[in-house]
Amino acid sequence: MMLSRKNKERMFFWLFRGCAAAVVAFLTIIIMFVIVNGAGTITWDFLTQNPMPNDTGALVSGGILSPIIGTLMLMGLVLAIAIPIGVFGAVFLVEYCGSYKWSRYMWMTVNNLAGVPSIVWALLGVGVFVYYLAFGLSLISAAITLSLMILPIVMVSTKEALEAIPSSIYDASIGLGATKWQTILHHILPYSASGIITGIILSLSRAGGETAPLLLTGVALNATIPLSIFDQFQALPYYIYMMTSASDRANAYPMAYGAALVLIILMMIMNLAAATLRSRYREKYKW
Amino acid sequence: MDTKIYKRENRARRYAEGGITGILGACGILSVLILALVFIFLITNSIPFFQSVGLVNFFTGTQWDPFASEAMWGVLPLLTGTILVSFVGAIIAIPIGLGCTIYLSELADSKVKKILKPAIEILAGVPSVIYGLFAALVLSNWIMEIFDPSYRLNALNGAIILAIMMIPIQVSVSEEAMNAVPRNLREASYAMGATRWETIKSVIIPAALPGIIASIALAIGRAVGETMAVLMATGNASQFSFDILTSVRTMTAALAIDVPEAAIGSLQYQGLFAVGLLLFIITFVINLIADMVLSKYQETYK
Amino acid sequence: MGNKLIAGGFVVLVVLSTVLAMFTSMSFPGVGVLNIQDGDELSYSPLENPEEYPITRPLYIYTDGVPAENSSLYQWLEYIYSDDGQLYVKNAGFYPVGSEVKDKMKAQLNSGTTNDKYGNGEITQSGSTTLGDLSTLWANDFQKKYNIHVVLNTPGSGTGITNLINGFVDAAQSSREIKDVELESAKNNNVNVTEWVVAYDALAIIVHKDNPIKNLTVEDLKNIYTGTYTNWSEVGGYDHPIVLYGRDSASGSYDYFKEAVLDGESYSIKMQQFSSNSLIVAEVENNLGGIGYVGVGYAEESLADEWAEEQNGH
């Protein structure tokens with residue numbers, strides 16, 4: 001039976017709509033499960049107390065204060081370490097080396113390094129920072145490892161933001177007598193700022209959600225808020241992982257969902273901020 | 001006299017310019033060096049292992065048990081674990097992802113698109129441990145009820161959750177590719193009397209094909225490199241098997257489980273670096289393919 | 001396509017997901033705990049007769065030398081052997097050290113040493129997950145009494161010992177004895193390994209609560225876990241495949257079970273490997289053919305009501 005062209009089209013189109021619906025369904029179900037199972041555990045106590053043991057020792061009482069602070073501290077350290085090197089490094093490589101032939105191959109390499117699995121970065125972290133540089137199992141070992149992991153991402157997004165600017169702006173500035181650095185500082189960077197900042201926010205949110213590097217470089221079960229960068233620490237993704245393997249599951253699972261909900265909210269806020277910035281600046285600097 | 005001041009200012013500015021260039025240059029060199037560090041570190045730590053255990057043993061052994069008194073160093077169980085969950089995941093994800101992409105790019109009207117597209121991009125950023133949570137606590141039970149496998153945590157659980165994680169990446173990248181197909185190509189096709197579906201099938205998809213292939217490669221690369229979700233979903237029995245309903249251990253999970261236990265510098269440590277090197281090479285090749293396909297495609301459309 | 005239809009469809013999806021999430025209940029039916037007999041002896045329950053139970057093991061803490069009297073590590077060990085400390089051993093479901101062992105450990109602690117490696121600040125301890133809950137109780141109480149923070153990490157006994165050898169932590173907690181290779185390694189790293197027995201654990205063998213088998217011999221257990229027996233009918237149960245659950249290689253329980261039950265032979269490769277006791281409980285609970293080994297505290301917590309009643313009936 002030959003379907004008419006129109007009916008064939010209709011059939012396929014419904015198939016595609018179905019696919020989109022399936023995708024939305026998967027993701028909605030997962031999010032709703034987290035919300036339904038986790039919302040009940042989010043109280044003021046939950047957010048302001050450290051994890052505490054119940055009668056048999058499982059850390060299912062108390063709250064998630066140290067994991068939240070740990071994650072925020074990690075993101076802060078990553079911001080301080082990876083962003084300057086990544087952004088300025090990319091600016092240099094684009095503006096000063098862009099014309100060289102090896103530049104293309106180098107960026108291809110950087111792009112690929114953005115796809116290296118997080119566990120491989122963790123291997124590096126253990127060998128170089130925990131052991132060789134003797135930072136031990138600590139916040140700083142984890143933070144440097146995460147910084148390395150997102151460095152390629154920051155560099156690539158900076159490069160893309162810089163390359164989106166038409167060369168006419170650059171030429172006009174030089175033509176008016178400005179030096180290269182003045183041009184970059186006063187003309188190129190402001191226009192690309194939104195793209196760069198978006199890249200920064202997205203990289204930080206990626207760093208905050210990673211677990212594998214932390215497992216190998218310094219998380220502790222009952223860590224409180226770290227007082228020095230050489231202390232062990234807690235973090236939201238690790239807390240969630242820990243709660244899925246803790247005893248007293250009737251209490252542990254809701255805590256896991258609650259922490260997952262907090263983590264998702266944190267990530268959502270960051271991603272929404274990035275998206276808003278991107279669209280606002282896009283409107284402001286139109287050329 | 002004016003020229004003297006002018007020259008002095010000029011010199012100061014040039015020094016400042018040089019200094020700043022220097023700082024930027026240092027950052028640039030630093031960033032490239034750091035990235036080279038990974039590869040070098042992986043290689044230097046795996047070479048002693050290959051020298052003592054040998055490539056053949058590593059690539060053809062069917063048991064992975066580095067901490068046993070009779071250590072077994074075959075990477076095949078881990079490799080098949082990774083391939084099993086990634087490929088089955090890809091088989092599930094690619095058709096659904098493509099269908100979703102076509103909908104998003106061609107069928108959705110702009111209001112729906114404006115919400116759906118950023119929503120999918122945001123969902124690509126959900127931390128993997130949350131997917132792992134869902135797979136371990138909920139999805140595995142559903143699979144138990146439907147398939148009644150002998151293991152609750154199995155490769156299928158891992159494959160499905162990986163598929164769910166792969167779809168947003170695949171959709172984002174290929175949607176941009178389809179969007180970038182020039183309007184005149186579409187209009188020419190309509191002008192010749194093709195229906196929308198025929199246009200999509202014969203004009204748009206072939207034109208966007210490099211981008212689509214790149215998106216698939218990127219998604220598979222992400223799946224191969226995923227650690228937490230499979231660690232929590234697959235049960236981690238390191239056995240050499242192609243049975244989708246049995247427990248498997250992926251290369252990433254093996255690293256997460258075994259590395260903390262290995263004494264620094266020991267044979268196990270080096271053996272795990274060898275697994276890490278293999279993983280690095282596999283993901284590097286996949287991403288390289290995606291990159292090459294994409295850059296060729298961009299040249300065509302410049 | 002009507003946008004209103006799509007929006008409406010999405011709302012329906014959200015409502016359905018919510019309902020699904022609310023009604024996917026988390027139920028924990030519990031597991032059964034087997035009585036084990038060694039050869040021709042009587043079979044004993046780990047919950048009632050830990051002394052006669054054939055697979056009871058000591059739980060250890062390892063340090064680098066005996067800590068000096070003014071260090072926080074000294075206080076920590078002293079606390080563990082105090083009545084408070086040993087009370088928490090019971091709370092966690094394990095068995096306290098007998099007076100003989102306690103005296104021996106206290107003597108070791110007071111053996112006078114000039115090891116001033118340890119300060120009086122924070123203590124880091126890493127290792128066994130079996131000891132995880134117990135250490136957490138200790139650390140919590142210790143903090144309240146002495147205001148010293150003990151930072152715990154549970155990647156497994158083997159990892160804990162490795163951490164001690166590498167110098168990353170002050171103490172290792174372990175559910176198995178240290179191996180000779182590890183002692184060698186420690187010597188090479190100038191670590192003077194000192195052993196402290198802190199509690200006893202009867203390694204419980206758990207099965208699905210509907211499993212009709214109530215006893216096994218150690219020999220049966222060995223055959224099951226090496227993969228020789230693959231069906232419950234071979235030990236007198238229903239015709240159902242045996243599904244093996246155990247720990248991963250970093251775990252002290254993994255090593256102890258291998259030594260004590262398997263006589264050093266390898267586990268069947270079909271055994272699913274988990275990083276904690278509770279994960280094993282979760283699996284065995286859901287799998288009719290499942291069998292697993294966990295610390296007795298974890299088994300007791302998850303004992304199915306039916307099995308508890310039967311035990312009380314004895």
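Let's start small: in chain C, Gly32(C) stands opposite Val207(C), a residue of strand E9(C). Everything here comes from a predicted model, so keep that in mind as we zoom out from this one pair.

**The sheet in chain C**

Strand E1 of chain C and strand E9 (residues 204–208) of chain C pair in the antiparallel sense, over three bridges. In general, strands of a sheet pair through backbone hydrogen bonds, and they can do this either parallel or antiparallel. E1 and E9 of chain C belong to an open sheet of five strands, and if you walk across this sheet you meet them in the order E1-E9-E13-E11-E12 (chain C). The pairing in the sheet is mixed. Which strands sit at the edges? They are strand E1 (31–33) and strand E12 (272–274) of chain C, each of which pairs on one side only. From one strand to the next, the twist averages 30°.

A helix goes with this sheet, too. Helix H10 (residues 277–286) of chain C lies across E1, E9, strand E11 (243–247), E12 and strand E13 (290–294) of chain C. Its direction is at about 160° to E13(C).

**Two domains in chain C**

The domain assignment splits chain C into domain 1 (31–54 + 203–313) and domain 2 (57–201). How many Å separate the centres of the two domains of chain C? Taken over C-alpha atoms, the answer is 28 Å. The two domains do touch: 18 residues of domain 1 of chain C are in contact with 19 residues of domain 2 of chain C. On the domain 1 side, helix H9 (252–260) and helix H11 (296–301) of chain C each supply at least two residues. By class, that side of domain 1 of chain C has five nonpolar, nine polar and four charged residues.

**Chain B and its neighbours**

Now for chain B, which touches both chain A and chain C. The contact between chains B and A takes 62 residues from chain B and 72 residues from chain A. Helix H1 (residues 2–53) of chain B gives the most to chain B's side of that contact, with 16 residues. The contact between chains B and C takes 24 residues from chain B and 27 residues from chain C. Here, helix H4 (110–123), helix H5 (128–147) and helix H10 (251–258) of chain B each supply at least two residues of chain B's side.

What kinds of residues does chain B bring to each contact? The table sorts them by class.

| Side of chain B | Nonpolar | Polar | Charged |
|---|---|---|---|
| touching chain A | 42 residues | 15 residues | five residues |
| touching chain C | twelve residues | seven residues | five residues |

**A look at chain A**

Last stop, chain A. Its secondary structure comes to eleven helices and two strands. From the N terminus on, the elements of chain A run α-α-β-β-α-α-α-α-α-α-α-α-α. The C-alpha atoms of chain A fill a box of roughly 75 × 70 × 35 Å, taken along the principal axes. Of the 287 residues of chain A, 55% count as buried. Among contacts in chain A between residues at least 6 apart in sequence, 74% join residues at least 24 apart.

And how confident is the predictor about chain A? The mean pLDDT of chain A is 86, and 97% of its residues reach 70 or more. Confidence in chain A is lowest in helix H4 (residues 102–113) of chain A, at a mean of 80, and highest in helix H10 (residues 236–244) of chain A, at 92. As a general rule, where pLDDT is low, the predicted coordinates should not be read in detail.

Note on methods:
Residues numbered from 1 in each chain as written. Chains lettered and ligands numbered in written order. Predicted model: local features only at pLDDT ≥ 70, side-chain atom pairs only at ≥ 80, totals over all residues. Contact = placed C-beta atoms within 7 Å. Helix = DSSP H or I, 4+ residues; strand = E, 2+ residues; numbered from the N terminus. Nonpolar A, V, L, I, M, F, W, Y, C, P; charged D, E, K, R; others polar. pLDDT = per-residue confidence, 0-100. Pairing = 2+ DSSP bridges. Axes fitted to C-alpha atoms, helices over the stretch in contact; angles between N-to-C directions. Domains from an automatic or database assignment. Buried ≥ 20, exposed ≤ 12 C-beta atoms within 10 Å, placed from the backbone.
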